[in-house]
Amino acid sequence: MHRVHLITTGGTIEKRYVEQAGSMENTEPQIRRCLSLLRLPDIEITVEELMNKDSLFMTDDDRKLIAERVVAKAIEGVPVLVTHGTDTVVETGKVVADALAHDAGAGNVAVVFTGAMTPFGIEGSDAIQNLTESLLATRLLTGGVFLVFHGDVFPIGHVAKDRENSRFRHI
């Protein structure tokens, strides 16, 4: 049985349409709904709903908290998947990579970040694709921090968001 610890932090993948406000907002986590649509017979996923923020509003303290939670699970030898907003996912990933580098016991498992450009539940959403690919990546990757998005795997130190084309690119 493959084990994965999934940490939710918010971002577009967790946004919902709020009719009263007429906008997409981070109100309640959506990841359990996403997971319920997948066939995962040989995987045990624990979900930690850490926060539910648009990544543009994340603080240094938020990033430090995310890093602390990732390191705690990585020390246990459990791969970690973090859902995160796309605007600052690379910044957070680098903070996590730095924290892992300072803890010798935590560097042997994969830490995978993912998110979505279009919210789950909206036609054409990439949430399920990115989530599925990221879960597979936790089986295949070892030792490092990665962003998995749209069929690609990026080492966290070699990726940037291409806002114009709504994707990520290797740098």
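This report describes the fold of a predicted model, and then some of its strands and residues.

## Overall architecture

The protein chain contains 4 helices and 10 strands. Read from the N terminus, its elements follow the order β-β-β-α-β-α-β-α-β-α-β-β-β-β. The order thus opens with β-β-β and closes, after the last α, with β-β-β-β.

The C-alpha trace spans about 50 × 35 × 25 Å along its principal axes. The radius of gyration of the protein chain is 15 Å, which agrees with the value near 16 Å that a compact globule of 171 residues would have.

## Burial, surface and contacts

Of the 171 residues in the protein chain, 50% are buried. The exposed surface of the protein chain comes to about 8,400 Å², and carbon and sulfur atoms supply 49% of that area.

Contacts between parts distant in sequence are also recorded for the protein chain. Among contacts with a separation of 6 or more, 65% are between residues 24 or more positions apart.

## Strand β7 and its partners

Strand β7 covers residues 144–149 and is mostly covered, with 5 of its 6 residues buried. Strand β6, residues 110–114, pairs with β7 in the parallel sense over 4 bridges. Within this pairing, F113 has L147 of β7 as its bridge partner. Helix α4, residues 127–140, belongs to the connection here: β6, α4 and β7 make a left-handed β-α-β unit.

Strand β8, residues 152–155, runs antiparallel to β7, and 4 bridges join the two. In this pairing L147 stands opposite F154 of β8, while F146 stands opposite P155 of β8. L147 therefore has a partner on each side, because F113 is its bridge partner and F154 of β8 stands opposite it. The hairpin of β7 and β8 has 2 residues between the strands, and in it H150 takes a positive phi near 50°.

## The aromatic cluster

The count of aromatic pairs in the model is 2. One of them joins F149 and F168 in an edge-to-face arrangement, with 4.9 Å centre to centre and 70° between the planes. F149 lies in strand β7 and F168 in strand β10, residues 167–170, so this pair ties together parts that are 19 residues apart in sequence. Both of these residues, F149 and F168, are buried.

F154 and F168 form an aromatic pair that is tilted, at 6.5 Å centre to centre and with 55° between the planes. F154 lies in strand β8 and F168 in strand β10, so the pair ties together parts that are 14 residues apart in sequence. F154 is buried, as is F168. F149, F154 and F168 form one aromatic cluster.

## V80 in strand β5

V80 is found in strand β5, which covers residues 80–83. The relative accessible area of V80 is 0%, so the residue counts as buried, a class that requires a value under 20%.

Residues up to four places away in sequence aside, V80 touches H5, I7, V70, K73, A74, A110, V111 and V112. One of these residues, I7, is 73 residues from V80 in sequence, yet the two are 7.4 Å apart in space, C-alpha to C-alpha.

## R139 in helix α4

R139 is found in helix α4, the helix of the left-handed β-α-β unit with β6 and β7. With a relative accessibility of 40%, R139 counts as partly exposed, because that value lies between the 20% limit for buried residues and the 50% limit for exposed ones.

Leaving aside its neighbours within four places in sequence, R139 is in contact with H2, D42 and I43. R139 and R3 are 136 residues apart along the chain, and their C-alpha atoms are separated by 9.0 Å.

How values were computed
Residues numbered from 1 in each chain as written. Predicted model: local features only at pLDDT ≥ 70, side-chain atom pairs only at ≥ 80, totals over all residues. Heavy atoms only, no water. Buried < 20%, exposed > 50% of the residue type's maximum accessible area, 1.4 Å probe, protein only. Pairing = 2+ DSSP bridges. Right-handed = clockwise from strand over helix to strand, strands pointing away. Rg over C-alpha atoms; globule rule 2.2 N^0.38 Å. Contact = heavy atoms within 4.5 Å. Areas by Shrake-Rupley, 256 points an atom, 1.4 Å probe, with all protein chains shown as cover. Phe/Tyr/Trp six-rings, centres within 6.5 Å; stacked < 30°, edge-to-face > 60°.
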